[in-house]
2 protein chains.
Amino acid sequence: MSKTKRSFAARLDRLAQVAVKVGLRPAVGQQVILTAPVEALPLVRLITEHAYREGASLVTTLLDDGQCAVARYKYGHDSAFDVAPDWLFAGMEHGFKNNAARMAISGENPGLLSGQDPARISRAAKARGLAYKPVSELITSSAINWNISSCATLPWAKMMFPELSDKRALNKLWDAIFKASRADADDPVAAWTEHNNTLLARRKILNDKRYSALHFRGPGTDLVVGLADDHRWAGGLSEAANGITFNPNIPTEEVFTTPHYKRVDGYVSSTKPLSLQGNVLEGIRVRFEGGRIVDARADKGQAVLEKLIQTDEGASYLGEVALVPHSSPISASGLLFYNTLYDENAACHIAIGQSYSKCIADGRTMTREELAAKGGNHSNVHVDWMIGSGQVDIDGITADGAAEPVMRKGEWA
Amino acid sequence: MSKTKRSFAARLDRLAQVAVKVGLRPAVGQQVILTAPVEALPLVRLITEHAYREGASLVTTLLDDGQCAVARYKYGHDSAFDVAPDWLFAGMEHGFKNNAARMAISGENPGLLSGQDPARISRAAKARGLAYKPVSELITSSAINWNISSCATLPWAKMMFPELSDKRALNKLWDAIFKASRADADDPVAAWTEHNNTLLARRKILNDKRYSALHFRGPGTDLVVGLADDHRWAGGLSEAANGITFNPNIPTEEVFTTPHYKRVDGYVSSTKPLSLQGNVLEGIRVRFEGGRIVDARADKGQAVLEKLIQTDEGASYLGEVALVPHSSPISASGLLFYNTLYDENAACHIAIGQSYSKCIADGRTMTREELAAKGGNHSNVHVDWMIGSGQVDIDGITADGAAEPVMRKGEWA
């Protein structure tokens, strides 16, 4: 941390530089497709500036407005909810296939759609997921360099700090974002190089171990997550098929891999609320048998959870397992962000749905069937939820069935 | 005009209703692609609401930010200026081919790019025009229903009223927009029905006359504009190929048709400044021989004008001629808008570049070559500029060469 107090403008500019120079790393002559909430416009302008300075040929921004999204639920005819902007996604697919880079700014209102009909939310999400699938596959397979960074917005800040004034809530969220994104470091780029090296070392240890499964135990949790055949651990730096090395998530604290979708058994309880489709789900408890979810309950958001799992066949199976120490900076902040980009980096987590082909050796060039044979799940959804805490132990199960401590009370063993 | 004073919010809502119910008229289940400057967000939200009320299935808005557009000129590498968002235009083409409606809100800063390198502006405009061509053709041929309405923005208002405070300038522009768009009428929809009928009657007279040419005479102007074979006059209501009747422009006062691109001779002087590619051109004087521009000068913006004409072969020929009485409400306001949507509706005008196939009988189903044989011009640009005033007379030239008065001192004869 710097000893001199920086202005907000200076900190925002440093965050933009982290997003561009650490996260996205656009090549000279590369187009950039940027998506952001409209409230993020000041950050969008700075990211646009730095992307051009780095040589981007054209930065095109798609700004989302929460009020316009809610208007469909308030005024739309019932037939409006099985429709997605397929034309826009077709355009994005065209762009990524022609090597455009993809920058996303996250800052959406976690409670945007609370109170709206869960059936309509689910229909709209399903139509969107289906239409977005070709785009999503190009991103999750890292055909191109991509990055998600974030921007404080008032609805998000007020969800986190309902007791504070608007201004104080926003400032507090900005402080957390600048800190977690290492934008407050004296030399943010150097700080990220060091952090990436730490994650790389952790990946190497886990890759060398070649565990066949992980065993999670904690309050309300006793879950064995089989790992995919020839799985590879990822985290921090990633290499895109276009040859560009980039940081997909700012911030990031996780190392993650692909579970074997048919070898997951036991029960698990969420340790943090989950923001999903404009709703907040709490107290999720799920039971798996032979990889499949056979029972799913939530203290809050049961209908949204059920609809999620019913999206398609793959939505009943796992597509990701990720390890994050309980002492990670985001966890240590003690804050609940209601935003997966943050909360997933504060706790070990699993994700329902689509798996990452890059987390299986040579997976990027495999067909869907070849990936499935290795254990890689396929779905139109990918939803992370947090199952780690200071009370959770994790064992690695070796090929011969022996158990080794991987984490104890949420920390690397 | 209503006798009770309406709130700004009420007037803005009525403008949104005019844009949707008079202008675009989305069908139940139709998607809408909306483009707007980011400053128009409050109007975008209302248009979105009314489009959903009318049955639109999904309204997707692309918000443009002037600062981001300027950032390319300030920070981009030189290689960045031959690039366009081809991926986005490919998506829009996909959308319109699948019957999405197209709504545009105009409110851009007329002087956004003043001071930037005209060569770069021209390269960027050329790349954009080329990539946008398939979309532009779907719009100009009215494959789908479309509308351009407008929104007051501060840079635009300050260009018009530099001597006023920000607030007064904005209010004055809003007043002019509400009035010209008939949003202030007691019943805006009924007012538009009446206005559309007036334009329709004018079209009928001109269509029955079947003039072979129009002869413009005024200060600095002596120009014969041959009309395309089998030309048809349009204006006000239009019918899209998808069967929807709509009003392409809000406001609109013009009736227009397609000139014969090889039968334009003489010289013409602009009667109003022209806002083009973020620059303002003044004192345009152009000479035509056999349809082609052989000399083009501007007191201000000469370089931008030259680059425009050099865009492609068709940019040296006319694609539209339009008649607007000098007493039209927009002209009567006495305001110069630096915005073609307004200024073209205050004066007779011609346009360089692409012609409207719908202004030739059966033109929509003709090939480019068939249209050219009738006199329809083809280009990647379409730029209107104003040549009418209270001092301009227009004769209609009949098939046998006789001259009949069409307009005298800017008014219908």
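Contact here means heavy atoms within 4.5 Å. With that in hand, welcome to this predicted model, in which chain B and chain A meet through 40 residues from each chain. The points below go through the interface, two helix pairs that span it, and a few backbone details.

**The interface as a whole**

- The size of an interface is often given as the accessible area lost when the parts come together.
- For chain B and chain A, that buried area is about 3500 Å², with 68% of it on carbon and sulfur atoms.
- The rule finds 2 salt bridges across the interface of the two chains.
- B:D65 and A:R45 form a salt bridge, and their closest N and O atoms are 2.6 Å apart.

**Helix α2 of chain A with helix α3 of chain B**

- Two packed helices are described by the angle between their axes and the distance between the axes.
- Helix α2 of chain A (residues 41-53) and helix α3 of chain B (residues 66-75) have axes that come within 9 Å and cross at roughly 25°.
- Angles under 35 degrees count as roughly parallel, so α2(A) and α3(B) are roughly parallel to each other.
- The crossing of α2(A) past α3(B) is right-handed.
- On the chain A side, the residues in contact are A:V44, A:R45, A:T48, A:E49, A:Y52 and A:R53; on the chain B side they are B:Q67, B:C68, B:A71, B:R72 and B:Y75.
- Sorted by class, the residues of this contact are 5 nonpolar, 2 polar and 4 charged.
- A:R45 appears in this helix contact and also in the salt bridge with B:D65.

**Helix α4 of chain A with helix α4 of chain B**

- Here the axes of helix α4 (residues 86-97) in chain A and helix α4 (residues 86-97) in chain B come within 7 Å, crossing at roughly 145°.
- α4(A) passes α4(B) in a right-handed crossing.
- From α4(A), the contact draws on A:D86, A:W87, A:L88, A:A90, A:G91, A:M92, A:H94 and A:G95, while α4(B) supplies B:D86, B:W87, B:L88, B:A90, B:G91, B:M92, B:H94 and B:G95.
- This contact has 8 nonpolar, 6 polar and 2 charged residues.

**Backbone details**

- Most residues other than glycine have a negative phi, and most peptide bonds are trans.
- In chain A, the peptide bond from A:I250 to A:P251 is cis, with omega near 0°, and A:P251 lies in the loop between β8 (245-246) and β9 (255-257).
- In chain B, a cis peptide bond with omega of about 0° joins B:I250 and B:P251; B:P251 sits in the loop between β8 (245-246) and β9 (255-257) of that chain.
- A:Y338 is not a glycine, yet its phi is positive, at about 55°.
- A:Y338 belongs to the loop between α10 (329-332) and α11 (340-343) of chain A.

Conventions. Residues are numbered from 1 along each chain as its sequence is written. Chains are lettered from A and ligands numbered from 1 in the order in which they are written. This is a predicted model: local features need pLDDT of at least 70, side-chain atom pairs count only at pLDDT 80 or more; totals for chains, interfaces and linings use all residues. Side-chain values use heavy atoms; hydrogens and water are left out. Axes are lines fitted to C-alpha atoms, for helices over the stretch in contact, and angles run from 0 to 180 degrees between N-to-C directions. Helices (H or I, at least four residues) and strands (E, at least two) are DSSP runs, numbered from the N terminus. Angles under 35 degrees count as roughly parallel, over 145 as roughly antiparallel, 65 to 115 as roughly perpendicular and the rest as oblique. A crossing is left-handed if the near helix is turned anticlockwise from the far one by less than a right angle, and right-handed if clockwise. Ala, Val, Leu, Ile, Met, Phe, Trp, Tyr, Cys and Pro count as nonpolar, Asp, Glu, Lys and Arg as charged, and the others, Gly among them, as polar. Buried area is the accessible area (1.4 Å probe) that two parts lose on being put together, summed over both. A salt bridge is a side-chain nitrogen of Lys or Arg within 4 Å of a carboxyl oxygen of Asp or Glu.
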